[in-house]
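Here is a short tour for anyone meeting this protein for the first time. Take a look at the structure, and then we can walk through it together.

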Amino acid sequence: MKKSIISMVLFMVAMIATAKDIKTVVFTTTPQMHCANCEAKIKGNLRFEKGVKAIKTDVEAQKVFVSYDSKKTTEEKIQKAFEKFGYKAEKTDKDAKIPVHKDEQCENM
């Protein structure tokens, strides 16, 4: 009985020690996303950033949702990562209305 209690306590301590602190940040980009190629370029490049766990893009809303492990990276590092592949990212929130720039041309087609 003692062994099973000790084992259970050790297991719980191990789980707490390895728990990840997953957060989500929302960005809008310049230039704006226009198509599936734009989405693929963003997802394809951000997925290699340390700590990034998931990326969801929404062309209509002009938003990029990035879930990340806050023990491995920061919002600022992710924001800076956009510059590596030709975008500027600006933090926003999920409810913000982003105006669409209809006069921009897509360079990813």
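Let's start with a bend in the road: Pro 31 sits in the loop between E1 and H2. The peptide bond that leads into this proline from Thr 30 is cis, with omega near -5 degrees. Another backbone oddity turns up at Gln 62, which has a positive phi of about 60 degrees even though it isn't a glycine. Both are worth a second look because most residues other than glycine have a negative phi, and most peptide bonds are trans. You'll find Gln 62 in the loop between E2 and E3. With a relative accessibility of 2%, Gln 62 counts as buried, because the cut-off for that is under 20%.

**The overall layout**

Keep in mind that this is a predicted model. The protein has three helices and four strands. Reading from the N terminus, the elements go α-β-α-β-β-α-β. Of the 109 residues in the protein, 31% are buried. The accessible surface comes to about 7700 Å², and carbon and sulfur atoms account for 57% of that. Long-range contacts show up a lot too: among contacts between residues at least 6 apart in sequence, 68% join residues at least 24 apart.

**What's inside**

The largest nonpolar core has 18 residues. Those with the most contacts inside this core are Phe 27, Ile 42, Leu 46, Val 64, Val 66, Ile 78 and Phe 82. Several elements chip in, with E1, H2, E2, E3 and H3 each supplying at least two residues of the core.

Which residues of H2 are buried? They are Cys 38, Glu 39, Ile 42 and Leu 46. These four cover an arc of only 100 degrees around the axis, so they end up on the same side of H2. Their cover includes strand E1 (22-30), E2, E3 and H3.

Ile 78 is one of the core residues with the most contacts, and it's a handy one to follow. Setting aside neighbours within four places in sequence, Ile 78 is in contact with Phe 27, Leu 46, Val 52, Val 66, Tyr 68 and Thr 73.

That last partner, Thr 73, is in the loop between strand E3 (63-69) and helix H3 (75-81). Is Thr 73 buried or exposed? Its relative accessible area is 8%, so Thr 73 is buried. Apart from neighbours within four places in sequence, Thr 73 is in contact with Lys 50, Gly 51, Tyr 68 and Ile 78.

Over in strand E3 there's Ser 67, which counts as buried at 17% relative accessibility. The side chain of Ser 67 makes a polar contact with the side chain of Thr 24, at 2.9 Å. Beyond neighbours within four places in sequence, Ser 67 is in contact with Ile 22, Lys 23, Thr 24, Gly 51, Val 52, Lys 53 and Ala 54.

**Charged pairs**

Side chains of opposite charge can pair when their charged atoms come close. How many salt bridges does the structure hold? There are three, and here they are:

| Salt bridge | Distance (N to O) |
|---|---|
| Glu 49 and Lys 84 | 3.1 Å |
| Glu 75 and Lys 91 | 2.8 Å |
| Lys 80 and Glu 83 | 3.6 Å |

Take the Glu 49 and Lys 84 pair, whose side chains meet in a salt bridge. Glu 49 lies in the loop between helix H2 (36-46) and strand E2 (52-58), while Lys 84 lies in the loop between H3 and strand E4 (88-92), so the pair ties together parts that are 35 residues apart in sequence. Lys 84 counts as exposed, at 64% relative accessibility.

Next come Glu 75 and Lys 91, also joined by a salt bridge. This pair links distant parts of the chain, with Glu 75 in helix H3 and Lys 91 in strand E4, 16 residues apart. Glu 75 is partly exposed at 21% relative accessibility, and Lys 91 is partly exposed at 49%.

That leaves the salt bridge between Lys 80 and Glu 83. Here Lys 80 counts as exposed, with a relative accessibility of 53%.

Notes: Residues are numbered from 1 along each chain as its sequence is written. This is a predicted model: local features need pLDDT of at least 70, side-chain atom pairs count only at pLDDT 80 or more; totals for chains, interfaces and linings use all residues. Side-chain values use heavy atoms; hydrogens and water are left out. Buried means under 20% relative accessible area, exposed over 50%, partly exposed in between (1.4 Å probe, protein chains only). Contact means heavy atoms within 4.5 Å. A salt bridge is a side-chain nitrogen of Lys or Arg within 4 Å of a carboxyl oxygen of Asp or Glu. A polar contact is a pair of N or O atoms within 3.5 Å; within protein, one must be able to donate a hydrogen and the other to accept it, and residues adjacent in sequence count only if both atoms are side-chain atoms. The arc is that of the directions from the helix axis to the C-beta atoms. A nonpolar core is a set of buried Ala, Val, Leu, Ile, Met, Phe, Trp, Tyr and Cys residues joined through side-chain atoms within 4.5 Å. Accessible areas come from the Shrake-Rupley method with a 1.4 Å probe; for residues, only the protein chains shown count as cover.
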